[in-house]
Amino acid sequence: MWDAIWINAHLATMAPEGDYGIIKNGALGIADGKIRWLGEMSALPPGAPQELAKEVHDADGKWMTPGLIDCHTHLVYGGSRATEFEKRLNGASYAEIAAAGGGILSTVAATNIADEDSLYNAARKRLDTLIGEGVTGVEIKSGYGLTPESEAKMLRVATRLGTDTGLRVQRTFLGAHALPPKFKDDPDGYIEHVCKEMLPAVFRESLVDAVDAFGEKIGFTPEQVARVFERAKKYGLPVKLHADQLSDQNGGALAAQYQALSADHLEYTTEDSIKKMAEAGTIAVLLPGAFYFLKETKLPPLDLMRQHNVPMAIATDCNPGSSPSASILLMMNMACMLFGMTPLEALQGTTINAAKALGWQEECGTLEKGKAADLALWDISHPAELSYYIGFSPCAATIRGGQTLSTAT
Ligand code: DI6
Ligand code: FE
């Protein structure tokens with residue numbers, strides 16, 4: 001006997017490659033937090049649904065997909081950057097604001113003075129918004145602390161968010177996000193500090209699942225990133241990279257060289273980088289919110305990614321500077337409208353490919369027997385509808401490991 005069954009649901013399993021994997025008029029049974037059975041209603045084992053499972057949910061023609069996964073966020077942060085947004089609309093550029101000590105560093109200042117509870121409460125609202133859009137898994141980066149204590153504080157908040165909500169959370173250490181004022185003229189010294197003090201400190205506290213860096217002219221050089229990645233490898237931690245967002249830094253190739261889970265942004269990435277990502281199995285994470293909010297004009301090379309079979313994921317990049325959004329569905333719409341993705345690619349980008357971008361593909365990302373019961377139920381008439389609405393969530397339920405998630409509000 002299963003713990004629960006959903007009957008009269010249309011399933012978009014996302015399991016076969018290149019397809020929604022649709023099962024019309026289906027059912028899905030779960031036990032111990034895992035999917036135990038799925039298929040057409042007509043193929044259910046004999047007996048009334050009540051005899052098959054302790055809990056019976058009649059989906060009444062709704063659609064079920066894997067729970068969505070937001071595989072790149074900075075959703076723990078203090079303050080807001082609305083005044084900077086206003087400056088940009090009055091003509092200043094993102095890079096100019098960063099060079100003048102604003103940008104990421106202004107969020108670092110606000111995050112450093114915030115206590116854990118206030119960071120938690122602000123982040124929880126953003127996370128609850130994601131849950132309301134069918135999200136069952138999320139990646140959360142540090143990177144607005146830039147001291148061992150403050151990075152640990154951010155990662156503790158990320159840990160608590162996972163524990164309290166029941167979401168699957170990957171905690172990513174992003175110490176190499178920006179140069180703190182204390183190391184203003186000594187980027188190499190800061191990288192040394194990241195490798196020898198900060199990463200060991202958060203690792204000792206078991207606060208970190210992966211390591212990221214910002215490889216960019218206004219971030220860190222490929223050599224500096226490589227040093228961070230070498231150290232991450234020593235700890236057995238997977239890496240990922242903010243790559244080629246504002247200029248080509250061979251970031252895709254660098255990520256691939258370290259078998260990175262993903263290279264993210266990629267507006268300026270070259271074919272050479274993409275080929276290397278394909279060989280290394282590095283996922284391309286596309287962030288249309290940042291492209292939109294920074295008014296970028298250079299599109300990531302999607303055709304090359306398709307040509308070389310680099311799986312594409314989509315994420316919110318939720319952060320106060322370049323993508324102040326906690327809507328994964330809006331990102332799917334933007335990926336279609338701004339990047340020319342298809343709705344199928346967009347849904348793959350927030351399910352199976354997002355799972356791959358976090359190394360979770362054996363556990364979730366598709367509806368398959370044996371995988372976790374991380375599910376989203378939708379009041380829609382076709383899965384393309386998930387990429388279609390703008391600022392509206394047709395989500396009817398979010399289920400993680402068999403438990404229906406509720407939000408704090
Ligand atoms: N790239 C981004 O999109 C975010 N970080 C990064 O390295 C933006 C961070 C910010 O502006 O606060
Ligand atoms: Fe980012």
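This report walks through two bound partners in a predicted model, ligand 1 and an iron ion.

## Where ligand 1 sits

Let's start with the space around ligand 1. The space that ligand 1 takes up is the largest cavity. Its surroundings are made of 14 residues, and the closest are Arg81, Tyr94, Tyr144, His177 and Asp317. By kind, the shell around ligand 1 holds 8 polar residues, 4 nonpolar ones and 2 charged ones.

## Polar contacts to ligand 1

Three side chains are worth finding in the structure. Tyrosine 94 has a side-chain N or O atom 2.5 Å from an oxygen atom of ligand 1. For aspartate 317, a side-chain N or O atom is 2.8 Å from an oxygen atom of the ligand. Histidine 177 instead pairs with a nitrogen atom of ligand 1, with a side-chain N or O atom 2.8 Å away. On its own, ligand 1 has 320 Å² of accessible area, and the protein covers 100% of that.

## The iron site

Now look for the iron ion, which is ligand 2. Its protein donors are His72, His74 and His242, each through NE2, together with Asp317 through OD. These donors lie 2.1 to 2.2 Å from the iron ion. Asp317 thus links the two topics: this residue is a donor to the iron ion and is also among the closest residues to ligand 1.

Along the sequence, the iron donors follow the spacing H-x1-H-x167-H-x74-D. The arrangement around the iron ion is irregular, because the 4 donor atoms subtend angles of 82 to 168 degrees.

Conventions
Residues numbered from 1 in each chain as written. Chains lettered and ligands numbered in written order. Predicted model: local features only at pLDDT ≥ 70, side-chain atom pairs only at ≥ 80, totals over all residues. Heavy atoms only, no water. Near = heavy atom within 4 Å. Polar contact = N/O pair within 3.5 Å; in protein donor to acceptor, adjacent residues only side chain to side chain. Areas by Shrake-Rupley, 256 points an atom, 1.4 Å probe, with all protein chains shown as cover. 1 Å grid on protein atoms, 1.4 Å probe; cavity = no way out; pocket = protein on both sides within 12 Å on 5 of 7 lines; lining within 4 Å. Sits in = over half its atoms within 2 Å of the grid points. Nonpolar A, V, L, I, M, F, W, Y, C, P; charged D, E, K, R; others polar. Donors = N, O, S within 2.8 Å, 3.2 Å for Na, K, Ca; no water. Tetrahedral: all angles 85-135°; square planar, octahedral: opposite > 155°, others 65-115°.
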